[in-house]
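Thanks for coming, everyone. I'll go through the overall form, then the interfaces, then some backbone details. Please have the model open.

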Amino acid sequence: MKSLSQKRRHPLAVVALLVMGLLLTGALYSVASSANKAKADTGFSAADVTAGQKLFVANCATCHGMGAQGSPAAPSLVGVGAAAVDFQVGTGRMPMAANGPQAEQKPAQFNDTQTRQLAAYVASLGAGPSLPDPAMTDGQGDATHGGELFRVNCAMCHNAAAAGGALTRGKFAPPLAGVTAQHIYEAMETGPQNMPVFSDANISPEGKRDIITYLQTIEKQGSPGGAELGGLGPVSEGLFMWVAGLGVIIAFTIWLTSRTS
Amino acid sequence: MGNPSDGAPQHGGTVATAGQAGGVFEDPGIPPHRLRLSDTDPKAAKRAERQVTALFIISVIGTVVFLVSYFAIDLGPTSTVDTIRTQNILLGLSTAFAMLGIGTGIVHWAKSLMPDHEVSEARHAVRNEDDRQAAVKIVDDIIEETGIKRRPLIRNTLIGALALAPLPALAVFGDLGPNATDILRHTMWAPNAQTGKKVRLTRDPDGTPIRAADVTIGSAFHVIPEGLNDLKENRNNEKAKAVVLLMRLNPEDLHISPGRETWSYNGIVAYSKICTHVGCPVALYEQQTHHLLCPCHQSTFDLTHECQVIFGPASRPLPQLPIEVDSDGYLVATSDFHEPVGPSYWEREYS
Amino acid sequence: MSSTPTSYQPPTKVGRIAEFVDQRTGLSSVTREFGRKVFPDHWSFMFGEVALYSFVILLLSGTFLTFFFNPSMAETTYQGAYVPLRGMDMSVAYQSSLHISFEIRGGLFMRQLHHWAALLFVAAMSVHMLRVFFTGAFRKPREMNWVIGGVLLILGMAAGFTGYSLPDDLLSGNGLRIIDGVVMAIPVIGTWISMFLFGGEFPGTAIVGRLYVLHILLIPAMILGLVALHLIFVVVHKHTQYPGPGRNDRNVVGYPLGPVYAAKAGGFFFIVFGVLAAMAAAFTINPIWNYGPYDPSPVSAGTQPDWYIGWVDGALRLMPGVIGDIGGYRQHFEFMIFNQTLSLNILLPALVPAGIVFTVLFIYPWLERWITKDNREHHVLDRPRNAPTRTAIGMAGFTFYCVMWAAASSDLIATHFHVSLNDVTYWLRALFFVGPIIAFTVTKRIALGLQRKDREIALHGRETGRIVRLPHGEFIEVHAPVDEYKRYRLVAFESPLPLPAQPNAKGVVDRRERRRAKLSKWFFEDRVAPVSPAELEAAHAHGHHEAIESAPAGSGH
């Protein structure tokens with residue numbers, strides 16, 4: 001999850017990195033148990049856990065340690081919950097392909113069953129956010145309220161049209177089009193990488209459902225005004241005017257002033 | 001190239017040109033006229049005529065499509081985005097065809113069928129020396145007839161009167177707004193002056209109070225003062241000063257300077273969300289690096305060092321809101337901000 | 001006018017109408033003056049027209065929008081067609097903008113047409129000014145018209161900005177907040193101006209209505225007046241023309257206004273309209289429904305102004321507010337003067353680059369005239385390569401502008417090229433200072449190189465790519481000589497020498513004059529002289545191989 005190669009100006013960064021292991025084991029565990037009405041996942045069978053452990057040892061333990069207790073290279077996974085595993089592995093962010101400012105989305109390396117087994121194993125290590133209730137990801141909430149919550153809590157990083165945006169030092173908030181409702185829910189709940197955690201005490205499950213509804217609504221309806229030009233705002237509009245608009249106009253002026261043969 | 005029409009040859013410039021040693025080329029004149037296909041071949045001319053007509057007919061079709069789609073598709077409070085988009089595309093493209101048909105038709109007509117002989121027209125002097133002399137004389141005469149030079153009292157009182165005349169306008173402009181810089185210092189976070197009741201931190205936009213236990217490590221709450229949503233007037237004015245970002249860090253990560261030991265609670269800190277640069281909401285919180293980033297001009301603040309500026313155009317740290325927990329476990333503001341929030345201004349004093 | 005109907009019976013229908021009108025208005029003299037007025041034809045002369053036509057389209061679409069827009073900041077609850085906003089509290093201004101977009105037939109089209117036309121309006125004005133600068137069209141007698149053009153550009157930016165702020169959406173609200181922050185940084189009177197502008201604290205309830213008056217009344221009226229003045233000057237001066245055979249400072253060569261030029265110019269209006277209509281039909285601009293109503297708390301990633309304000313926003317981004325810890329203290333650009341606050345981190349980038357750009361722009365015609373002492377009228381343009389130093393100065397200024405412009409999209413450069421936001425800023429900070437110098441040097445070298453190439457072509461003709469083996473075994477490439485018209489285009493320019501310091505009326509060379517002489521040297525020392533007939537003669541005497549090709553071409557020497 002955390003990259004070592006990332007340059008930091010801050011002297012505290014080294015300390016922060018070392019504290020990270022502690023922070024995520026101890027603090028997240030206690031936090032999760034108090035705030036996220038954490039419960040040990042009961043939907044997983046013992047076979048899932050065993051299979052997950054095998055996958056974990058083969059694919060994840062190099063960085064996260066044999067017992068998922070973390071290492072200087074990667075945080076502990078005790079208490080991160082099934083939701084975090086499903087998000088990180090399901091979107092292909094984990095296992096990380098290379099060190100970079102942040103883990104990037106790529107085609108998932110594990111299929112749904114394997115992802116579920118990994119989630120079962122990590123969930124068995126300590127209580128954390130579980131997989132979301134399907135009723136909360138059905139996109140049948142209140143789009144207006146979701147839009148309001150989205151603009152207050154999400155738009156500053158992900159852009160008002162969910163087109164993504166830049167963070168410091170090469171990190172970025174990805175565009176949200178095409179991300180499944182379940183993964184969006186899990187991201188809010190677990191706060192992957194530099195994204196803050198939006199626990200149920202901050203945005204209620206119904207609020208998260210509304211946000212998902214809003215995102216699905218705007219993605220599905222498209223823009224009433226035609227092609228969106230990336231949804232990036234005035235920069236893409238200005239660029240389009242200078243390149244395409246003025247380009248066509250100049251082509252016309254050349255035709256207009258040329259002599260007919 | 002000479003000095004064709006300056007009218008003042010003595011100021012013709014003293015440009016030192018070169019290359020004259022071997023003489024200059026003589027102007028061969030406008031190149032001979034080249035006939036177009038449509039000038040010589042009646043078939044080509046007929047073809048051009050048909051093309052122009054076709055373009056005008058395209059324009060007519062465009063106009064008809066516009067009218068049809070305008071009346072066929074009605075919009076109202078129940079229109080769907082699909083309907084709106086369809087109408088926009090139909091109206092826009094039909095207008096485009098109507099206009100481009102006329103435009104390209106006329107231009108094609110001019111290019112292929114109208115005479116295309118280049119002609120030369122002589123330039124005339126921008127001014128006429130006689131006119132100038134006459135004009136100067138008239139102005140001189142007018143000034144003389146007013147007697148303004150001979151009667152300085154009239155001139156001076158007129159200047160005085162004209163200089164004072166705009167003052168009422170300035171006075172009127174003074175009514176555009178109050179100049180009350182002290183309102184910039186106060187926000188809704190100050191405890192009630194009578195009861196001393198401290199203001200609770202509530203969630204933006206819903207206005208529900210926040211317990212300290214709700215704020216888990218790594219989370220970020222967007223916060224407004226309790227009662228903001230109930231304001232009847234000036235709600236946006238108050239909100240523009242009072243919005244706060246609430247985060248919880250591991251207490252060991254916080255570097256607290258003397259005097260601020262009681263401003264945070266168990267690693268929970270609250271900072272003004274209004275950038276000290278030019279006032280955008282600094283809302284981007286990176287929970288691993290503990291940086292706050294402003295999306296407008298990229299000022300970056302280090303949360304672990306009391307929001308000192310570590311990058312970008314801002315000069316001052318974000319103001320911190322002192323917080324504590326009330327008897328019910330909810331977060332409240334101990335006092336107002338200790339300094340004005342937002343961008344700097346002339347009358348702002350350092351706290 | 002003095003003729004009476006009984007003494008003159010017009011034979012044609014046009015004649016009868018003319019007679020009726022002329023007796024009452026005397027307009028025949030105007031037709032006589034303008035009917036066949038000659039206009040030179042070149043594609044680069046069309047940008048002024050593009051700007052004018054976009055302005056007309058702005059007036060048309062803008063009038064439509066005023067019928068439905070309500071600039072009130074009173075609160076209301078949305079109950080319109082756009083589902084994801086239904087039930088939101090918002091200002092009437094934003095609600096009426098949504099109403100125009102979703103419930104007025106053709107309203108969204110008009111909004112998008114208006115906004116695209118605004119972007120094109122300022123872009124066309126900018127390109128027009130670049131063309132005028134690089135071809136030297138601002139020289140005497142057109143200096144005043146250049147200044148009017150500069151004022152029009154500023155007014156165009158003002159019109160755009162006031163319009164951008166009207167819908168009262170989240171993007172425009174945050175834009176206004178930035179303006180408020182910049183205004184507050186003005187020493188002594190900043191807070192007053194801010195309070196006057198907003199009718200109290202930001203955001204208040206007055207600003208949209210006030211900007212609306214500026215946007216639909218004051219600024220368009222000023223633009224209209226200056227456009228009229230601009231065009232009157234074009235008529236007085238007659239249009240400039242590119243150098244070429246038959247063209248000189250005493251004539252103007254082109255097509256008569258009627259019918260060809262009028263048809264082309266008139267048709268071009270419809271073409272510009274058509275292109276903008278197509279853009280408004282198919283491409284979303286300013287999707288206010290995404291941004292939501294203005295609320296002081298949220299902000300969207302990618303909050304930027306429209307492109308023409310971008311360079312000022314970019315300058316704000318480039319300025320470091322803190323320059324690190326020096327001598328144990330944090331050094332920043334905000335100072336205390338007699339217990340008052342001076343925010344140089346905002347003032348410097350907001351005022352200095354714009355000040356430099358517009359000051360140089362406005363005084364440049366006089367500056368060049370002073371340096372070159374060239375007080376003649378110029379109606380024939382310079383090809384940019386034939387004025388290498390001016391072209392280089394122009395490119396340096398353009399680069400300066402573009403660096404700031406790029407800085408305004410530093411976040412999008414970072415996400416789209418997968419580089420660090422901070423690194424983009426560091427690079428652009430360096431380019432802000434170095435870029436113009438590099439651009440100056442490179443441009444001047446390229447211009448001089450192109451001039452040498454022109455000389456080469458004028459002397460030896462065009463390379464044909466045909467290799468011929470002569471009887472004695474030598475291989476040569478055949479050069480086709482250019483005809484005398486093409487050659488004249490290549491040789492008909494001035495290449496002035498630096499003008500040494502001249503004594504004034506008292507016979508003294510003063511310090512100011514010496515400084516001018518130094519600048520003149522800098523301006524003209526690198527020069528390539530045009531080919532002279534004697535040189536051409538000499539080249540032909542030596543270039544026996546050209547005899548092979550030039551005989552059939554028959555160019556007469």
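**Chain B and its neighbours**

Start with chain B. Its radius of gyration is 37 Å, whereas a compact globule of 351 residues would come in near 20 Å. Keep in mind that this is a predicted model. Along the principal axes, the C-alpha atoms of chain B fill a box of roughly 95 × 75 × 55 Å. The secondary structure of chain B comes to seven helices and twelve strands.

How is chain B divided into domains? The assignment gives domain 1 at 37-112, domain 2 at 131-164 and domain 3 at 185-333. Between the centres of domain 1 and domain 2 of chain B there are 60 Å, taken over C-alpha atoms.

Now the interface of chain B with chain C. In general, the size of an interface is often given as the accessible area lost when the parts come together. For chain B and chain C that area is about 10400 Å², and carbon and sulfur atoms give 60% of it. The contact involves 113 residues of chain B and 137 residues of chain C.

What about polar links? Between chain B and chain C there are 35 residue pairs in polar contact, both residues at pLDDT 80 or more. Which elements of chain B take part, with two or more residues each? They are strand S1 (16-17), helix H2 (42-72), helix H3 (81-112), strand S2 (119-122), helix H7 (235-242) and strand S10 (308-311). H3(B) gives the most to this side, with 19 residues. By class, the chain B side divides into 58 nonpolar, 37 polar and 18 charged residues.

Salt bridges next. The count between chain B and chain C is five. One to click on is C:Glu201 with B:Lys241, at 2.6 Å from N to O. Another salt bridge pairs the side chains of B:Glu118 and C:Arg247, at 3.1 Å from N to O. Why does the pair join two chains? B:Glu118 lies in the loop between H3 and S2 of chain B, and C:Arg247 lies in the loop between helix H9 (207-237) and strand S4 (251-256) of chain C, so the pair links one chain to the other. For the wider picture, the structure holds 43 salt bridges over all chains.

**Chain A against chain B**

Turn to chain A. Its contact with chain B takes 45 residues from chain A and 47 residues from chain B. The area buried there is about 4100 Å², with 57% from carbon and sulfur atoms. Which residues of chain A lose the most area to chain B? They are A:Met156, A:Trp255 and A:Arg259, together 14% of what that side buries.

Two salt bridges are counted between chain A and chain B. A:Arg259 forms one with B:Asp116, and the closest N and O atoms are 2.3 Å apart. The same interface has 21 residue pairs in polar contact, both residues at pLDDT 80 or more. On the chain A side, helix H1 (12-35), helix H6 (143-153), helix H7 (155-158) and helix H10 (234-257) each supply at least two residues. H1(A) has the largest share, seven residues. The class split for the chain A side is 22 nonpolar, 18 polar and five charged.

**Inside chain A**

Chain A is assigned domain 1 (1-131) and domain 2 (135-222). Their contact takes 22 residues from domain 1 and 16 residues from domain 2. About 1700 Å² is buried between them, with carbon and sulfur atoms giving 51%. The side of domain 1 has nine nonpolar, seven polar and six charged residues. How many salt bridges cross between these domains? The count is zero. The rule does find four residue pairs in polar contact across this interface, both residues at pLDDT 80 or more.

**Backbone details**

Last topic. Most residues other than glycine have a negative phi, and most peptide bonds are trans. The bond from A:Met94 to A:Pro95 is cis, with omega near -5 degrees. A:Pro95 sits in the loop between helix H4 (81-90) and helix H5 (112-125) of chain A.

Chain C has a cis peptide bond joining C:Phe202 and C:Pro203, with omega about -5 degrees. C:Pro203 is in the loop between helix H8 (190-198) and H9 of chain C.

Then there is C:Asp168. Its phi is positive, near 60 degrees, and the residue is not glycine. Look for C:Asp168 in the loop between helix H6 (143-164) and helix H7 (170-184) of chain C.

Note on methods:
Residues are numbered from 1 along each chain as its sequence is written. Chains are lettered from A and ligands numbered from 1 in the order in which they are written. This is a predicted model: local features need pLDDT of at least 70, side-chain atom pairs count only at pLDDT 80 or more; totals for chains, interfaces and linings use all residues. Side-chain values use heavy atoms; hydrogens and water are left out. Domain bounds come from an automatic or database domain assignment. Contact means heavy atoms within 4.5 Å. Buried area is the accessible area (1.4 Å probe) that two parts lose on being put together, summed over both. A salt bridge is a side-chain nitrogen of Lys or Arg within 4 Å of a carboxyl oxygen of Asp or Glu. A polar contact is a pair of N or O atoms within 3.5 Å; within protein, one must be able to donate a hydrogen and the other to accept it, and residues adjacent in sequence count only if both atoms are side-chain atoms. Ala, Val, Leu, Ile, Met, Phe, Trp, Tyr, Cys and Pro count as nonpolar, Asp, Glu, Lys and Arg as charged, and the others, Gly among them, as polar. Helices (H or I, at least four residues) and strands (E, at least two) are DSSP runs, numbered from the N terminus. The radius of gyration is taken over C-alpha atoms; the globule rule is 2.2 Å times the number of residues to the power 0.38.
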